[in-house]
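Reader: I am new to this structure. Please pick one part and look at it closely, then lead me on from there.

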Amino acid sequence: MAATTFRAAVVRAAGAPLGIEPVTFDEPDGGDVLVRVTACGLCHSDLHFMAGTSGRDFPYLVGHEVTGVVERVGPAVSGLSPGDTVVVAPMVACGTCRQCLAGRAPACPAKLPRNPAGRLADGAAANRVLGIGGLAERVVLPARQLVPVDPRVPAQVAALLGCAVPSGFGAAVHTAEVGPADDVVVIGCGGVGVAAVAGAAYAGARRVIAVDTNPRKLPAARRFGATDVVDAGRTDAAEAVREITGGGADVVIDAVGGSRTFGAALAMRGPGSRVVMVGAPQPGEVTDLGLRQLFLTGGRIQVSIWGDCVASRDIPLLADLYLSGKLPLEVGETFAFGAAADGYHSLEAGETLRPVVVF
């Protein structure tokens, strides 16, 4: 079978520096598609893989928040043609399992595809972060993971429609089902958090309260629709939320993940509230949960994976909302492909909202 070789961002071992190396994949065959990448967002999930805390199957091809242009399609592909602008969906329901057949596509156990590894120049098999490995000049993926979008959406914005925006927006709109009577708190104002703020505002929440320990992130939350902001590095955030809401929030979205922020979410909730975890905790993290208080106050604790989104429905919707001005989206800083490591350093240091590599 013919092969295609291009440059990709590779991390060889936990904590090792990010390198740009040639990687080889088989040419599109059957239902696969070759996409020329135009932009790739840099996400905290990549950092976890690079550090070895989300997997140890090194080397890894990093990057999963991808947009690009179709170059070639396999013979079994329909609905996509060379020249189409697409966004890569990291999670796509299989359509055939019990959950899918019952109409619960977001619960599909096979929604995270396991795509073949690439081959590095020394023969090593390079596994793809979240099955994508899209911080690269090109990427070969199954057609079902590619969603056409309006080419008028700038590439650096379209890339965010693959992960950060659907994860946060969907956590508010789909998982929490925010409505006009709700006071909503979002903990963490990174790329996912501000998208959750935007989703809550879009859903018509009465109040949207953004909380972060980094005061530099709070102005962005305001631009995305927050009515109130809380600098958790200078004040007791739970006390501030209870004062603003008059007793606790109706919805608390933890966009960070982990025992510390989950505990904070529980302290901010009001009676009958919904607590939604969309940020990913580290492996092995545990937390204490006061069952008596939970029982007496009622409500729900929910996990939101990729915002409970359906790729074919939600990615085009988000693109249309952006183009119509109903969904504010912005990029913190753009980087050249060769400076991707600098982008990840900026992300880890909290210096930028959402860095994006533009090719």
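Author: Strands here are DSSP runs of at least two residues, labelled E and numbered from the N terminus. The model is a predicted one. The part to look at is Asp 254, which belongs to strand E14, residues 249-254.

Start with its surroundings. Asp 254 is buried. Buried means under 20% relative accessible area. Asp 254 also has no salt bridge. Which side chain of opposite charge is nearest to Asp 254? That is Arg 260, and it is 7.9 Å away. A salt bridge needs a side-chain nitrogen of Lys or Arg within 4 Å of a carboxyl oxygen of Asp or Glu, so the pair does not qualify.

What does the side chain of Asp 254 reach instead? One target is the backbone nitrogen of Val 256, at 3.0 Å. Another is the backbone nitrogen of Gly 257, which lies 3.0 Å from a polar atom of the Asp 254 side chain. Residues up to four places away in sequence are left out of the contact list. Beyond them, Asp 254 touches Ile 187, Thr 261, Phe 262, Val 276, Met 277, Val 278 and Gly 279.

Now widen the view to the strand. E14 runs parallel to E15, and 5 bridges join them. One pairing can be named: Ala 249 has Arg 269 in E15 as its bridge partner. E15 spans residues 269-277 and is mostly covered. Of its 9 residues, 7 are buried. Strands of a sheet pair through backbone hydrogen bonds, either parallel or antiparallel.

Compare another strand, E6, residues 85-88. Both of its faces are covered. Thr 85 and Val 87 are buried on one side. Val 86 and Val 88 are buried on the other. In a regular strand the side chains alternate between the two faces of the sheet. E6 has paired strands too. It pairs with E5, residues 65-73, in the antiparallel sense over 3 bridges. Gly 68 stands opposite Val 86 there. E6 is also joined to E10, residues 146-148, by 3 bridges, again antiparallel. On that side the bridge partner of Val 86 is Pro 148.

Some strands close up into a barrel. It has 5 strands, in the order E1-E2-E7-E8-E4, and its pairing is mixed. E1 (residues 3-11) and E2 (residues 19-26) run antiparallel, joined by 8 bridges. Val 10 stands opposite Gly 19 in E2.

Next, strand E13, residues 228-231, which holds Val 230. Is Val 230 buried or exposed? It counts as buried, because its relative accessible area is 4%. Val 230 and Ala 210 are 20 residues apart in sequence, yet 6.2 Å apart in space, C-alpha to C-alpha. Neighbours within four places in sequence aside, Val 230 is in contact with several residues, among them Ile 209, Ala 210, Val 211, Leu 218 and Ile 244.

The loops have their own details. The peptide bond from Phe 58 to Pro 59 is cis, with omega near -5 degrees. Pro 59 sits in the loop between helix H1 (44-51) and strand E4 (60-61). Leu 130 is not a glycine, but its phi is positive, about 55 degrees. Its loop runs between strand E8 (125-128) and strand E9 (138-142). Trp 306 also has a positive phi, near 55 degrees, and is a residue other than glycine. It lies in the loop between strand E16 (300-303) and helix H10 (311-323). Trp 306 has 6% relative accessibility, so it counts as buried.

Last, the cysteines. A disulfide is a covalent bond between the sulfur atoms of two cysteines. How many disulfides are there? The count is 0. Why does Cys 94 form none? The closest cysteine sulfur is in Cys 108, at 3.7 Å, which is too far for a bond. The cut-off is 2.5 Å between the sulfur atoms. Cys 94 counts as partly exposed, because its relative accessibility is 29%. Cys 100 has Cys 97 as the holder of its closest cysteine sulfur, also 3.7 Å away and too far for a bond. Cys 100 is at 15% relative accessibility, so it counts as buried.

Technical notes: Residues are numbered from 1 along each chain as its sequence is written. This is a predicted model: local features need pLDDT of at least 70, side-chain atom pairs count only at pLDDT 80 or more; totals for chains, interfaces and linings use all residues. Side-chain values use heavy atoms; hydrogens and water are left out. Buried means under 20% relative accessible area, exposed over 50%, partly exposed in between (1.4 Å probe, protein chains only). Helices (H or I, at least four residues) and strands (E, at least two) are DSSP runs, numbered from the N terminus. Two strands pair if DSSP finds at least two bridges between them. Lys and Arg count as positive and Asp and Glu as negative; His and the chain ends are not counted. A polar contact is a pair of N or O atoms within 3.5 Å; within protein, one must be able to donate a hydrogen and the other to accept it, and residues adjacent in sequence count only if both atoms are side-chain atoms. Contact means heavy atoms within 4.5 Å.
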